[in-house]
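Here are some notes on the model, set out as numbered points for checking against the coordinates.

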Amino acid sequence: MFDPCGNPQTISKIFPIRETQVVLDPGHGGKDPGARGPTGLKESELNLKVAVAAAQLLHEQDVPTLLTRTGDYYIELDERIALGDAANATALVSIHHNAPIAAKSNKPGTEVFAQTGDTESARLAGLLHKEVFEVLNSVDGIEWTSRWDAGALRVVNSKGGDAYSLVRKPQTTNALLEVAYLASPSEGTFMAEDGYVQLVAAPIAAAIKTFLTTDQNGTPLLERARIHNPSGGRRTCPEVELE
Ligand SMILES: [Zn+2]
């Protein structure tokens, strides 16, 4: 092929985007590590491990699945979105682990964000929340943290649009999962243990499989959207992804 100056170039590798059923998006990467746990574990690394394990489980169930990144490198939000849309996927799920500061809770603070006005996005978010929350809630001995409005919900900006571009922009039915709080001492220590990745990958894969093969809904979407307040001093992990 020719480069923009008209000089011939040989391409040694190409990565055609094949059609797929599911795109998993491990949040952050490279220069953007995301949250950090009490053991030093980077959110970007944990998100990737969980996404790889969930993709493996989906492959084993004959659900074709692509990852937006496969290593510790930076990728723009718009590239992640474009990949999901170009792959003509049925579901795009962004995987995150949350940062600071939520109140002590006797339950996990799992949050899944859905796209406004898309009932299939609400269904995907509800199923992810139900499955992931139930598994985490069955683990004994964790001091959880949570916001009062945790659950399956919409997060909107002051104009009423979805606050996170990864939720707002994709044509693909999508949801953004915040598994729990990596930055909280007890949760973050648990997340660095052997077995955590497989423990949480299983309900993610199960929720997606249920989304694709049934019309179940999972956790109902909260009626009231959370108003995102970037200057409110309450930083949550995906805030860096705002435009
Ligand atoms: Zn994040």
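1. In this predicted model, strand S5 (residues 111-114) alternates in the usual sense of the word: Glu111 and Phe113 point one way, whereas Val112 and Ala114 point the other way, and all are buried.

2. On one side, S5 pairs with strand S9 (residues 174-181) in the antiparallel sense, over four bridges, and within that pairing Phe113 stands opposite Leu176. S5 is also joined to strand S7 (residues 152-153) by two bridges, and these two strands run parallel; here the residue that Phe113 stands opposite is Leu153.

3. These pairings belong to an open sheet of six strands, with mixed pairing and the order S2-S1-S3-S9-S5-S7. Its edge strands are S2 (65-67) and S7, each of which pairs on one side only. Strand S3 (residues 91-98) and S9 are parallel and share six bridges, and Asn98 has Tyr181 in S9 as its bridge partner.

4. Two helices that pack on the sheet deserve a look together. Helix H1 (43-60) touches S1, S2 and S3, and its direction makes about 145 degrees with that of S3. Helix H3 (residues 119-137), for its part, touches S3, S5, S7 and S9, and its direction makes about 20 degrees with that of S9.

5. Which residues touch the most other members of the largest nonpolar core? Among the 63 residues of that core, they are Phe113, Ala125, Leu128 and Ala175. The element that gives the most to this core is helix H6 (residues 196-213), with nine residues. As background, nonpolar side chains tend to be buried together in soluble globular proteins.

6. Phe113 can be followed further through its contacts: once neighbours within four places in sequence are left aside, Phe113 is in contact with Ala125, Leu153, Arg154, Val155, Tyr164, Val167, Ala175 and Leu176. Of these, Leu153 in S7 and Leu176 in S9 are also the residues that Phe113 stands opposite in the sheet, while Ala125 and Ala175 are named with Phe113 among the residues that touch the most other core members.

7. Asp32 is a separate matter, being found in the loop between strand S1 (22-26) and helix H1 (43-60). Is Asp32 buried, exposed or partly exposed? Asp32 is classed as partly exposed because 15 other C-beta atoms lie within 10 Å, a count that falls between the limits of 12 or fewer for exposed and 20 or more for buried. The C-alpha atoms of Asp32 and Gly126 are separated by 28 Å, the two residues being 94 residues apart along the chain.

Notes. Residues numbered from 1 in each chain as written. Predicted model: local features only at pLDDT ≥ 70, side-chain atom pairs only at ≥ 80, totals over all residues. Pairing = 2+ DSSP bridges. Contact = placed C-beta atoms within 7 Å. Axes fitted to C-alpha atoms, helices over the stretch in contact; angles between N-to-C directions. Core = buried A, V, L, I, M, F, W, Y, C linked by C-beta atoms within 7 Å.
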